[in-house]
Amino acid sequence: MTAVSIRGVSKQFRAGITALTGIDLDVEPGEFVSLIGPSGCGKSTLLRIIGDLVQPTAGTVEVNGKPANRARRDHDYGIVFQDAVLYDWRTVAKNISLPLELLRWSRGRRDARVDEMLELVELSAFAKHHPWQLSGGMQQRVAIARALSFSPSLLLMDEPFGALDEMTRERLNAELLRIWQDTRSTVVFVTHSIPEAVFLSTRVVVMSARPGRIANVVDVGLPQPRTNATREEPRFFELVTQVREHLIASGAPLGDTSTPTLVEEPA
Amino acid sequence: MSAIVQPVPVGIGRRVGRHALDWIPAVIIFALGIAAWQGLVVVFHVQDFLLPKPTSIATAFWHDKHVLWSEGVYTFKEALGGFALGSGLGIAVALVFAAWRPLGGVFMPYAVAANAIPIIAFAPIMNDWFGLLNPFSKMAIAALLCFFPVMINTLRGLTSVHPSSVELMRSYAAGRARLFRHVRIPNALPHLFTGLKVATVLSMIGAIVGEYFGGPTSALGVSILNASSYGRFTDAWAGIVMASAFGILFYALVAMAERLTTSWHPSARAFRSE
Amino acid sequence: MSAIAVERPGANRGLGALVRGVVRAVALVAGLALLWGLWEGYRWLGMRGQWTWPFPVNETTMPHIHTVLRAFDQPLQPGGPPLRHYLFHYALFTGKEALAGFALGALIGFMLAVVLAHSVLLRRGLLPYIVISQTVPLLAIAPMVVVGLGTKGVQPWVGVAVIAAYLTFFPVAINTLRGLLSPDPRAVELMRSYAAGRSKVLWRLRVPASMPFVFSALKISATASVIGAIIGETPASLQGGLGYAIVNFNQYYSIQPANLWATIIVCALLGIVFFLAVVVVERLVLKRAPENFA
């Protein structure tokens with residue numbers, strides 16, 4: 001059973017913008033798949049379609065063999081945005097326990113899991129802090145801990161490290177890989193950083209400019225575990241070059257042609 | 001941008017008051033101001049009944065402190081009753097409008113425009129309806145004055161939620177009620193308090209000015225008006241001082257409640273540092 | 001930052017805006033009709049049931065709405081001009097006082113804010129008082145000021161304009177200051193890199209940045225000026241304004257309740273007109289909708 005199965009998905013917004021056309025993609029359990037493409041190519045929209053936060057105009061999406069809608073109701077995935085979206089009025093620990101409260105876990109079970117997650121992202125010392133007291137990188141780690149708190153098999157991430165500086169980003173990349181392997185989850189990761197995509201993924205999906213379609217898929221055969229040393233290997237550079245050339249070939253313009261990715265008002 | 005601006009911008013206390021030294025200019029200005037007032041009145045031989053000396057006001061205040069206090073309490077009760085009634089209604093209506101968004105979206109501009117109506121003009125009607133001597137007539141005015149700022153600010157707080165936050169809750173398959181409880185309502189608290197602080201000032205005004213249109217002699221507004229009609233300006237100013245004291249106290253109480261319940265809120269809109 | 005925005009379908013397109021305008025107009029009519037219905041309904045029930053709580057319902061306390069509207073056309077004195085003639089002139093009178101005070105207060109408030117924006121010392125000295133003044137019931141001294149100035153031989157309408165100016169001054173000063181200090185320090189640095197002196201920085205950066213703040217204060221002050229003018233007129237020595245009309249018609253309320261209600265309606269309209277005037281100017285100057293509902 002595939003983790004995510006996308007067939008013929010298209011998305012047209014009411015303003016007449018075609019974000020996606022004819023997307024076919026399968027993600028196997030345990031994979032780490034990156035979606036990369038120029039700004040405005042619809043990769044964030046595609047991620048939201050997988051998460052049933054946006055409805056496709058055509059095509060079907062199945063997560064864990066169920067329709068995306070069922071999967072969302074069954075809490076099959078956790079999502080991390082570029083903005084950590086933590087609640088200022090809750091402590092770090094309470095932010096992580098939010099989904100667990102919604103799932104009506106018992107107090108004891110919640111507290112135990114929160115402690116586990118804090119250890120996983122190495123923020124145990126900050127349990128009682130408030131989000132604004134943490135740096136951007138730390139906030140994202142809390143967001144990741146929250147997304148994984150109920151052990152979903154699928155993790156959707158929308159440029160989660162986009163707002164961070166390069167060094168923090170590389171460090172969090174390594175941590176994310178560690179967490180991915182510890183939890184054995186499937187990850188669909190949106191980014192516009194080529195090195196990040198190659199470093200993290202088992203496969204990199206290159207998307208074309210709007211209207212977005214899948215231009216190419218690159219298998220990243222680098223061995224695990226990947227470290228900073230991996231970034232300096234010749235094979236890494238070859239793969240980065242390969243992805244870049246696919247991007248250019250798919251019509252990625254030299255400038256930024258982004259229009260805001262459009263999100264529909266939730267009902 | 002808010003059409004209902006909070007009277008004291010968030011963070012102003014922290015910025016200005018952090019060091020005792022920061023207060024020195026303010027204290028100096030205060031002393032200078034009082035001295036100048038006193039001096040000008042004396043030097044220009046301004047008659048006491050036109051603009052009394054600060055010392056005369058202080059004397060009158062001290063002399064009448066018991067009466068002023070009981071009058072102040074009477075008026076404050078009217079303000080408090082109106083504050084509670086108007087704010088309660090405002091919060092309730094805001095919740096309704098936030099739950100049924102199309103309704104709120106359509107009526108919001110009208111609520112903002114209705115806020116521009118001089119509600120105080122209804123004071124004589126309230127007296128006619130409930131009776132001059134009935135404190136409820138002033139409470140009604142205060143309530144009307146408090147309703148709109150509280151409603152508008154609370155509604156703004158309930159609806160100014162980061163879209164990603166709504167998406168996050170959807171990803172948890174959390175329905176509307178839980179979205180309200182976990183996201184919208186906590187998010188609205190700072191805005192609610194902005195509205196409540198404006199309401200404290202307005203409720204005092206409603207009570208006192210409402211009394212200018214008629215009320216029992218045990219009320220502060222009536223006493224101030226009588227004093228000024230008979231030319232006893234010193235007494236009138238003493239009454240104003242008492243009214244201001246109650247106003248500041250009321251505001252401070254709500255501000256303190258705000259500090260306690262929303263201490264998590266970063267003072268995002270603080271004045272830029274010098 | 002995230003390139004995600006919330007789309008409002010058809011938000012800026014002609015047809016969508018037209019539809020929304022029509023919906024708004026219909027909603028206004030529906031809302032007014034609803035209020036009319038509530039009033040008449042309560043009146044009918046109250047008179048039938050002879051309710052005395054919370055207040056007695058009879059022809060005096062709750063005249064028919066159409067009675068009130070008809071009163072506009074009826075002469076105050078036999079053979080004289082109709083009520084609306086008087087109310088119009090009263091409104092004009094009060095409006096002029098309010099406008100004069102509003103303009104003066106806004107100007108002084110703006111200038112003070114510019115001064116305070118450039119002097120840390122003055123800020124520290126004066127800001128606490130400006131802040132405190134926002135919490136004090138300023139309106140309470142309105143009649144006193146008018147009477148007091150009157151005894152010094154100052155024309156009553158000037159006193160009222162002073163009240164309106166005072167009520168405008170503080171919100172404008174405090175909000176303008178906030179706006180003047182709002183630009184990112186990096187924006188200021190950019191201006192400096194162009195060798196722009198303090199005056200250029202002020203007029204090309206700070207003042208434009210402060211416009212939204214100024215307008216939100218002006219919207220409050222517009223209303224406050226009208227209220228201040230009305231209240232300031234209530235010591236009955238000042239003939240010719242809406243405040244006088246309220247006091248006067250209130251005295252004769254039991255005989256002719258409709259007149260007082262008509263006056264209140266005119267007061268409401270005056271307040272709304274002032275407010276809308278500022279909204280219109282804001283839209284022209286800022287070229288954006290002043291109120292957004294997310």
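**Exercise 1.** In this predicted model, list the buried residues of α5(C) and name elements that cover them.

*Solution.* Step 1: the buried residues of α5(C) are C:A142, C:P143, C:M144, C:V146 and C:V147. Step 2: the cover over these residues includes α6 and α8 of chain C, along with α9 (176-212), α10 (220-229) and α11 (233-261) of chain B. Step 3: just after α5(C) comes C:G153, whose phi is positive, about 85 degrees.

**Exercise 2.** Describe the contact between chain C and chain B, with residue counts and classes for the side of chain C.

*Solution.* Step 1: chain C gives 61 residues to the contact and chain B gives 58 residues. Step 2: on the side of chain C, the elements that give two or more residues include α1 (14-49), α5 (142-151), α6 (156-180) and α8 (198-232). Step 3: α8(C) supplies the largest share of that side, 10 residues. Step 4: by class, the side of chain C that touches chain B consists of 42 nonpolar, 13 polar and six charged residues.

**Exercise 3.** Find the largest nonpolar core and the residues with the most contacts inside it.

*Solution.* Step 1: the largest nonpolar core has 141 residues, and B:I141 and C:A140 have the most contacts inside it. Step 2: α6(C) makes the largest contribution to this core, with 16 residues. Step 3: with neighbours within four places in sequence left aside, B:I141 is in contact with B:G82, B:I119, B:I120, B:F122, B:A123, B:M126, B:G206 and B:G210. Step 4: a second, separate core has 80 residues, among them A:V92, A:M117, A:L172 and A:I179.

**Exercise 4.** Work out how α5(B) packs against α7(B).

*Solution.* Step 1: two packed helices are described by the angle between their axes and the distance between the axes. Step 2: for α5 (residues 101-114) and α7 (residues 135-159) of chain B, the angle is about 145 degrees and the axes are 10 Å apart. Step 3: the crossing of α5(B) past α7(B) is left-handed. Step 4: B:G104, B:A111, B:V112 and B:A114 of α5(B) meet B:F148, B:M151, B:I152 and B:L155 of α7(B). Step 5: this contact has seven nonpolar residues, one polar and no charged ones.

**Exercise 5.** Give the domains of chain A and describe their contact.

*Solution.* Step 1: chain A is divided into domain 1 (1-76 + 154-253) and domain 2 (83-151). Step 2: their C-alpha centres lie 25 Å apart. Step 3: the contact takes 11 residues from domain 1 of chain A and nine residues from domain 2 of chain A. Step 4: helix α6 (residues 166-183) of chain A gives five residues, the largest share of the domain 1 side.

**Exercise 6.** Locate the cis peptide bonds before A:P211 and A:P225, and the positive phi values at A:S151 and A:R184.

*Solution.* Step 1: most residues other than glycine have a negative phi, and most peptide bonds are trans. Step 2: the bond from A:R210 to A:P211 is cis, with omega near 0 degrees, and A:P211 lies in the loop between β9 (203-207) and β10 (214-219) of chain A. Step 3: the bond from A:Q224 to A:P225 is also cis, with omega near -5 degrees, and A:P225 lies in the loop between β10 and α8 (234-249) of chain A. Step 4: A:S151 has a positive phi near 50 degrees; A:S151 is partly exposed, with 13 other C-beta atoms within 10 Å. Step 5: A:R184 has a positive phi of about 55 degrees; A:R184 counts as exposed because it has 10 C-beta neighbours inside 10 Å.

Definitions and conventions
Residues are numbered from 1 along each chain as its sequence is written. Chains are lettered from A and ligands numbered from 1 in the order in which they are written. This is a predicted model: local features need pLDDT of at least 70, side-chain atom pairs count only at pLDDT 80 or more; totals for chains, interfaces and linings use all residues. Two residues are in contact if their C-beta atoms, placed from the backbone, lie within 7 Å. Helices (H or I, at least four residues) and strands (E, at least two) are DSSP runs, numbered from the N terminus. Ala, Val, Leu, Ile, Met, Phe, Trp, Tyr, Cys and Pro count as nonpolar, Asp, Glu, Lys and Arg as charged, and the others, Gly among them, as polar. Axes are lines fitted to C-alpha atoms, for helices over the stretch in contact, and angles run from 0 to 180 degrees between N-to-C directions. A crossing is left-handed if the near helix is turned anticlockwise from the far one by less than a right angle, and right-handed if clockwise. Domain bounds come from an automatic or database domain assignment. A nonpolar core is a set of buried Ala, Val, Leu, Ile, Met, Phe, Trp, Tyr and Cys residues joined through C-beta atoms within 7 Å. A residue is buried if 20 or more other C-beta atoms lie within 10 Å of its own, exposed if 12 or fewer, and partly exposed in between; C-beta atoms are placed from the backbone.
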